[in-house]
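The following paragraphs are intended to be read alongside the sequence and the coordinates. Please keep both in view while following the text.

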Amino acid sequence: MARPTMAQDIERRIKELILERRLGPGDPLPTEAELMELFAAGRVSVREALKALQAMNVVEIRRGFGTFVGSLSLSPFAEGLAFRAAVRHGQGEPGLLELMKVREALETGLVGAVTAGVPAEDLAVLRALVGTMETEAAQGGRVARATDRAFHLALYASLDNHLLSEVLDAFWAAMDRVREDVDDGHQDPAVTCAQHHEIVEAVAAADGARAVRAMRTHFDGIRHRLEPQRAGAGA
C-alpha cells in the first residue's frame, strides 16, 4: 500500500481537528497560516488538502473570509454514484438497474418501520402528493419525477433520520443524472398513481407486510422497464 502524501496526511489531521474540537457546519477553522504551523507543513500541501476537503464538502473556503467547516452534504456521494453508473452504462453494463436495486433494498427494508406510527400530518402530505400525481397524469399523461421523488422522501419523514433522507435523496439524484443519458421508458401514469395510493393506504392501515408488498410491486414495474435494456446491452 502506497504511503499517504503530505497533503493526504493533512486532510486526515484536519478532519481529526474538526472532531476533536466538536466543530459543525459553518464553524470557522484555523487560518491557512495557522494550519501550516500546527501541522509543520508547507503552504502548497495545506492548500492541496483544503481543496480536496472542499470537493468533499468537509470544508468551505470563502475568499476573503477564511475557511469553515463545510455542509457535509452527500452530494459528492451522489455524483460518484451517478458517474459510476454512467460509466458502466457506457460499457454496456446495467448501471441504472444496479442503482435501482440498492434503492429498492433500502426502501422495502424501511417502509415497514414507517407503519409503526406515521403522524396524521405526514399521511396528509403523502395523500396530497398522490393527488398531485393524479392531476399530472390527467393533464400531461405523465407523473413528474419531482413529485415522485417528493413522495418517497416524505414517506420516511416520520423516522426522523436525517442521514437516511440524505442517502435516499442521493440515490434519487444519481438516478436522475444517469436518466439524462438513458431512456428507460415510462410507466403508465395510472399504474404509478395506483401503486403510490396503495403504499399510502398500507401505511395508514399500519400494515407493515402490506406496505412492503406494495413497495416491491412498485419497484417491480421499474425493474421490468430497465431489464430489457440490460438484455439488449448484452446482445
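In which helix is H218 found? The model under discussion is a predicted one, and in it H218 belongs to helix α10. H218 counts as buried because its relative accessibility is 2%, and the cut-off for that class is under 20%. Two polar contacts involve the side chain of H218: one of 3.4 Å with the side chain of H152, and one of 2.9 Å with the side chain of Q195. When residues up to four places away in sequence are not counted, H218 touches H152, Q195, H196 and I199.

Helix α10 also leads to the largest nonpolar core. This core holds 39 residues, of which L99, V111, F151, L155 and Y156 touch the most other members. The elements that contribute two or more residues to the core are α4 (75-90), α5 (95-114), α6 (120-140), α7 (145-155), α8 (162-179), α9 (189-204) and α10 (208-234). Among these, α10 gives the most, with 7 residues. The surroundings of V111 illustrate how this core is assembled from separate parts of the sequence: with neighbours within four places left aside, V111 is in contact with L155, Y156, V203, A211, V212 and M215.

A second core, separate from the one just described, comprises 16 residues, including L35, M36, L50 and V59. One of these, L50, also lines the largest pocket.

What lines the largest pocket? The lining consists of T31, E32, R47, L50, K51, Q54, I61, R62, R63, G64, G66 and T67. At least two of the lining residues come from each of α3 (43-55), β1 (59-62) and β2 (66-69). Helix α3 makes the greatest contribution to the lining, with 4 residues. By class, the lining divides into 2 nonpolar, 5 polar and 5 charged residues. The space within the pocket amounts to about 310 Å³.

Attention may now turn to the loop that precedes α3. G42 is found in this loop, between α2 (32-39) and α3. Is G42 buried, partly exposed or exposed? With a relative accessibility of 38%, G42 counts as partly exposed, whereas H218 in helix α10 is buried at 2%. A final distance relates this loop residue to L153: G42 and L153 are 111 residues apart in sequence, and their C-alpha atoms are 45 Å apart in space.

Methods:
Residues numbered from 1 in each chain as written. Predicted model: local features only at pLDDT ≥ 70, side-chain atom pairs only at ≥ 80, totals over all residues. Heavy atoms only, no water. 1 Å grid on protein atoms, 1.4 Å probe; cavity = no way out; pocket = protein on both sides within 12 Å on 5 of 7 lines; lining within 4 Å. Points joined across faces, edges and corners; volume = space filled by probe spheres on them. Nonpolar A, V, L, I, M, F, W, Y, C, P; charged D, E, K, R; others polar. Core = buried A, V, L, I, M, F, W, Y, C linked by side-chain atoms within 4.5 Å. Buried < 20%, exposed > 50% of the residue type's maximum accessible area, 1.4 Å probe, protein only. Contact = heavy atoms within 4.5 Å. Polar contact = N/O pair within 3.5 Å; in protein donor to acceptor, adjacent residues only side chain to side chain.
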